[in-house]
Amino acid sequence: MFLARRFYIALSVVVLVLASGYLWSPMFFVGRLLLLLFVLVVIADVVLLWRRRGVQAFRQLSDRFSNGDENVVRVRVESNYRFPISVEVFDEIPFIFQRRDICFRAQIDKEGSKTIRYTLRPTRRGVYGFGQIRVFAVSPLGLVQRRYTCGEAQDVKVYPSFLMLHQYELLAISNNLTEIGIKRIRKVGHHTDFEQIKDYVAGDDFRTINWKASARRSKLMVNVYQDERSQQIYSVIDKGRVMQQAFGGMTLLDYSINASLVLSYVAMYKEDRAGLATFSSDFDSFVPASRRPGHMQVLMESLYAQQTEFGETDYAALVANLNKHVSKRSLIVLYTNFTGLVSLQRQLPYFQQLNSRHRLLVVFFEDVELKEYISTHYSSPNTRRPSTEEYYCRVMADRFAYEQRLIVTTLRQHGILSLLTTPDNLSVNVINRYLEMKQRQQI
């Protein structure tokens, strides 16, 4: 049993009336009557609440959460009391969220129910443990509270962002990928894979008109060509210490995992085969390229428990194992990061070996905080003369930004494609680059 705020207010009034009896004796008699009435009301309130088990609560959530997305949790509270009650609901969420605001107040009609909805955004993959649900019920008298411990402790697995994957899937089906920034790439020339002959509609290229078929049908007919199919697309993810840098509560590894899943789905939607490899100090995991039913689940399970490591990345092991497992020329999308031009120079020979047998696309990340710092300090003139320390910070910021641009130039000089992007735009930019390479037959 817990005492409500109204209990202390009522008790304070009774005490004040009793105390005023020392100044005016009739008030002492009134105070004793109020005290007796107060005790009777408290007893009645206790009887009302403890006469039956009147509250039940259930937590409703999916068996897995999507990393980096808002996941919905519902708590349903049911009342068996024959009078309206007020409830205060505390849900014991996983401690990793470090939230203290999962407390809700609600009014429930007699023998009614109420569903409380809130969202959680995990930023790490793994197993998250929920505790029990604590419900504090108050009758219309409002003097005492009865605590109910409801529900059961349950675990939920946090997977890479499958909600983002569903969003891309729905937009792809409705042909509305442009709504999330996927560009429509203009086709260069014609593809060699003939698909079908169809009726001409406004907007079709005049160069694709099939004049023989048009003469036979007495109306314009055009040839339809399709992109080359069954190409292998491998997402290769670096799990070294350079991928531990965080942005928006998520590491660069988490962003890379989400982007690789979306790219794999789009590649399979384009009838290509998607594969996966992860590496750090050694070659860690490998999933052969495929587009079988259920292959996306295989990729998701493989990426579910991947974590960054503190060791240095071994690109020699990556090259050796990729050459061993991938014999057919493929598109290798390598997710990594560079601390500077020196770190690129150490890995450049391995990139050249990969690019000689496959088509290599190196994806690395732009420092968002550095970009914001430069734009803040250079967008508006500062009337105050900068200090020596500020001059030093500006010079170093410019140097790091220049080295990132120089990395792109260096890779291009060696015939290696690259993509410098911010973490929040990673998925869209990678898909746009894949579609562009496919349309330009660069794979």
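Student: In this predicted model, which residue of E7 stands opposite Arg74?

Tutor: Strand E4 covers residues 71–79, and 8 bridges join E4 to E7. The two strands run antiparallel. Across this pairing, the residue in E7 that faces Arg74 is Arg117.

Student: Which strands are the edge strands of the open sheet?

Tutor: The sheet has 3 strands in the order E2-E4-E7, with antiparallel pairing. From one strand to the next, the twist averages 20°. An edge strand here pairs on one side only, and this holds for E2 (55–60) and E7 (113–120).

Student: Why is the pair of Phe279 and Tyr315 called edge-to-face?

Tutor: A pair of aromatic rings is described by the distance of the centres and the angle of the planes. For Phe279 and Tyr315 the centres lie 5.3 Å apart. Planes over 60 degrees apart count as edge-to-face. The pair therefore earns this name from its plane angle of 70°.

Student: How many residues apart in sequence are the parts that this pair of Phe279 and Tyr315 ties together?

Tutor: Phe279 belongs to strand E17 (residues 273–279), whereas Tyr315 belongs to helix H7 (residues 315–325). Both Phe279 and Tyr315 are buried, and ring pairs link them with Phe338, Phe351 and Phe364 into a cluster. The parts tied together by the pair are apart in sequence by 36 residues.

Student: How many of the residues of H5 are buried?

Tutor: Helix H5 spans residues 252–269 and reaches 26 Å from its first C-alpha to its last, close to the 26 Å expected. H5 is mostly covered, and the number of buried residues, out of 18, is 17.

Methods: Residues numbered from 1 in each chain as written. Predicted model: local features only at pLDDT ≥ 70, side-chain atom pairs only at ≥ 80, totals over all residues. Heavy atoms only, no water. Helix = DSSP H or I, 4+ residues; strand = E, 2+ residues; numbered from the N terminus. Expected span 1.5 Å × (residues − 1). Buried < 20%, exposed > 50% of the residue type's maximum accessible area, 1.4 Å probe, protein only. Phe/Tyr/Trp six-rings, centres within 6.5 Å; stacked < 30°, edge-to-face > 60°. Pairing = 2+ DSSP bridges. Axes fitted to C-alpha atoms, helices over the stretch in contact; angles between N-to-C directions.
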